[in-house]
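Here are some notes for a colleague who is opening this structure for the first time. Please read them with the sequence and the model side by side.

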Amino acid sequence: MATEGAQVLLSVEAEGYVQSLERFELPEIGSYRWSKQHEYIEKLNMQAVVSAAAQEDEFVKEYFITYEKIPTLIYELITTEVWKDKIFQAFVDMDFQPKITFPIYMVLYHEATLINLLETLLFHREACESAEDSILDLLDYCYRKLTSLVARKDEDDDDEPNDQVDVTSAAPSSPLDELEKQNAVLDFDINIKTVSVLRYITDHISSMPLSVMTRMLNTHDIPILLVELIESPPWSRRRKGKLQKYIDSKWQEIDHRDTFKLTKLEGQVWLALFQLLMSPDCQQKYDLSSYRKNTILKLRSYLTEVTLDQLPILAEMQRYLEHLSIMDPPPAKKDLVLEQVPEIRDSILKKYAGKWSKIAKKQSKTHFNPNKTDLKDQAKRWADTYNFDVLEGLLTDPPKCAVCGEPATKRCSRCQNEWYCRRECQVTHWPKHKTACNLLHDSLQKVKEEQTS
């Protein structure tokens with residue numbers, strides 16, 4: 001349980017960390033300086049979550065706004081996304097065999113840390129405003145992730161997802177094969193978190209550049225994308241006849257009495273749709289073609305009494321949809337607007353086009369090939385950043401079993417990361433947990449061996 005006033009960082013430490021944040025170019029990812037910044041961002045993320053959960057002074061958010069560092073976070077997010085798409089894939093293609101995989105995993109995990117921190121910060125209007133023009137880049141990022149969610153649902157309808165593969169019966173795989181599996185799990189969680197980020201952007205859309213609304217409604221057609229997610233939710237599935245939903249970054253079995261109970265994630269989708277369809281400004285800008293109208297009207301079948309009881313505000317949208325079904329909406333107001341376009345991803349792709357393999361080969365010999373001294377230093381910093389005893393003390397609720405969700409008292413002795421209520425749950429979960437457990441345990445063991453040699 002958390003002790004009152006428990007903190008990851010003092011205010012003065014957080015201020016120093018935020019001030020020091022900088023933009024790293026793609027070839028610098030994985031370097032010593034980049035790793036130090038990753039640790040700073042990881043601790044800032046932990047503190048931001050702790051402060052928000054405890055409803056205490058959110059000094060991390062204030063420092064990001066004061067020092068105008070939210071655009072830096074967005075730049076780092078998109079740079080990491082490109083690194084994963086291009087450089088990590090180049091590692092796979094060249095069959096890179098790293099001595100230790102944890103540094104590569106940290107880069108893969110960095111994207112999850114950044115989106116989680118942005119999710120916490122962008123709840124506040126002033127934080128969204130502080131993003132300035134880079135909010136367009138973040139909007140495009142969210143669009144890419146949400147379309148990936150829709151595509152994943154289509155692919156997984158008849159197949160077992162990645163986190164269900166029984167690795168105990170699989171053939172021995174290489175370190176990068178294991179990293180690819182972990183990357184797939186991380187990507188799904190990242191994609192899910194962009195739902196909240198998008199919802200916060202829609203909440204504060206009136207205080208953002210006009211290009212944000214235009215791009216959201218007519219360039220990317222976000223309302224139609226959200227309808228697709230309502231129709232085929234990728235965060236809901238059936239396994240062995242039982243309903244499971246993705247809640248708090250884990251698949252959890254749902255009691256039949258809670259089948260129609262909205263999760264926080266599902267509520268976020270509905271609230272984003274409400275803002276985009278019901279806001280007068282959005283209604284004036286959204287060109288409701290016959291295709292869009294017919295697609296949006298599909299929402300009527302999901303606005304049941306059970307749904308409206310949980311989100312009464314949707315009753316207004318239900319009335320709007322009934323009115324829309326019998327009348328054509330007025331034409332969208334078309335003003336001459338010089339639309340801004342996102343620049344970060346395109347500039348990175350253009351700058352390093354054709355150089356991906358060269359960068360990967362160089363990084364495989366430098367950033368991801370540490371010597372003994374570097375390994376010892378990294379081990380010390382990892383132990384400080386991922387101090388599980390400290391993190392446990394910051395929990396506001398008892399840890400929950402990774403399998404059944406009940407209060408847990410037992411923790412995996414190898415990686416110290418997953419919790420269980422009893423041994424049976426741990427044994428059941430092992431096929432899913434083995435990959436991540438081995439990755440962390442083996443990396444730290446190699447570091448210890450280097451230290452003692």
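1. Directly after helix H3, Glu68 adopts a positive phi of about 55 degrees, and the reader should keep in mind that this is a predicted model. Glu68 belongs to the loop between H3 and H4. Most residues other than glycine have a negative phi, and the positive value at Glu68 occurs in a residue other than glycine. With a relative accessibility of 53%, Glu68 counts as exposed, because the cut-off for that class is over 50%.

2. A second residue deserves the attention given to Glu68: Asp221, although not a glycine, has a positive phi of about 50 degrees. Asp221 sits in the loop between helix H9 (210-219) and helix H10 (222-231). Is Asp221 buried or exposed? Its relative accessibility is 14%, and Asp221 therefore counts as buried, the limit for that class being under 20%.

3. Helix H3, which spans residues 59-66, is largely enclosed by the rest of the structure, because 6 of its 8 residues are buried. The buried residues are Phe59, Val60, Lys61, Tyr63, Phe64 and Ile65, so that a lysine is listed here beside Phe59 and Val60. Which elements cover the buried residues of H3? The cover includes helix H1 (11-20), helix H2 (32-54), H4, helix H5 (102-121) and helix H6 (125-130).

4. H4, one of the elements covering H3, also packs against helix H16 (residues 344-351), and there the angle is about 45 degrees, with the axes 10 Å apart. The two helices, H4 and H16, are therefore oblique to each other, and H4 passes H16 in a right-handed crossing. On the H4 side the contact is made by Ile74, Tyr75, Ile78, Thr79, Glu81, Val82, Asp85 and Lys86, while H16 contributes Ile344, Arg345, Ile348 and Leu349. Sorted by character, the residues of this contact comprise 7 nonpolar, 1 polar and 4 charged.

5. The last point concerns strands: 3 of them form an open sheet in the order S1-S2-S3, with antiparallel pairing. Strand S1 (236-239) and strand S3 (250-253) are the edge strands, each of which pairs on one side only. On average, and with direction ignored, neighbouring strands of this sheet are turned by 35 degrees against each other. Between S1 and strand S2 (residues 242-247) the antiparallel pairing runs over 4 bridges, and Arg237 has Gln244 of S2 as its bridge partner.

How values were computed
Residues numbered from 1 in each chain as written. Predicted model: local features only at pLDDT ≥ 70, side-chain atom pairs only at ≥ 80, totals over all residues. Heavy atoms only, no water. Axes fitted to C-alpha atoms, helices over the stretch in contact; angles between N-to-C directions. Parallel < 35°, antiparallel > 145°, perpendicular 65-115°, else oblique. Left-handed = near helix turned anticlockwise from the far one by under 90°. Contact = heavy atoms within 4.5 Å. Nonpolar A, V, L, I, M, F, W, Y, C, P; charged D, E, K, R; others polar. Buried < 20%, exposed > 50% of the residue type's maximum accessible area, 1.4 Å probe, protein only. Pairing = 2+ DSSP bridges.
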